[in-house]
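Visitor: Please select one part of this model and examine it closely, with attention to its surroundings.

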Amino acid sequence: MQNIRKFIFSILVLMVLSVSIFADKNILVSDLPNSVVDFMKTYFSESKIDNAEYDDRKYEIWFSTENDSQIVNGEAEFSKKGDWEKIEFYLGIPETLLPENVLSTLRQNFSDKAIVSVERNKRGYELTLVDATEVDISE
């Protein structure tokens, strides 16, 4: 019986340690890489960074913009190096973030739809448009 208690206690300790080791850590905006801050100033200059986290692999930030007396929230993920990987913002993602071949495909097939989410990965770009249409475009 004593061995079972020790075993259960050991499992609980390991669970608590693993949660604390892999948990995202809140960081100050001033601790973000310059590339992340510059990115936000360039593409979302009207927005304010509300919260930031880091987890050994990526930075994640939450930002907001006031629009017609309402607060609109957005979220962005950046690599450890500070390169953007994913952005969600329901007022629209600036088209200047995307390479010309991606924009060309979008303009040909979805010319009147705003982009509200974009994820950049090894295969290319995964986009979500304002009407919830999902589009994958290879780079």
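**Helix α2 in its setting**

Guide: The protein has three helices and eight strands (DSSP runs numbered from the N terminus: H or I of at least four residues for helices, E of at least two for strands). This is a predicted model, in which local features require pLDDT of at least 70 and side-chain atom pairs pLDDT 80 or more, while totals for chains, interfaces and linings use all residues. Residues are numbered from 1 along each chain as its sequence is written, and side-chain values use heavy atoms, without hydrogens and water.

From the N terminus, the order of elements is α-β-α-β-β-β-β-α-β-β-β. The part chosen here is α2, which spans residues 34-43 and has V36, F39 and M40 as its buried residues (buried: under 20% relative accessible area; exposed: over 50%; partly exposed in between; 1.4 Å probe, protein chains only). Viewed along the axis of α2, these buried residues lie within an arc of 95 degrees, so they line one face of the helix (the arc is taken from the directions from the helix axis to the C-beta atoms). An α-helix has 3.6 residues a turn, so residues three or four places apart point the same way.

The buried residues of α2 pack against β2 (48-54), β3 (58-67), β4 (70-79) and β5 (84-89), a contact being heavy atoms within 4.5 Å. N34, K41 and T42, on the other side of α2, are exposed.

As for confidence, mean pLDDT (the predictor's confidence in each residue, from 0 to 100) is highest in β5, at 96, and lowest in helix α1 (residues 2-22), at 53. The protein averages 86, and 83% of the residues score at least 70.
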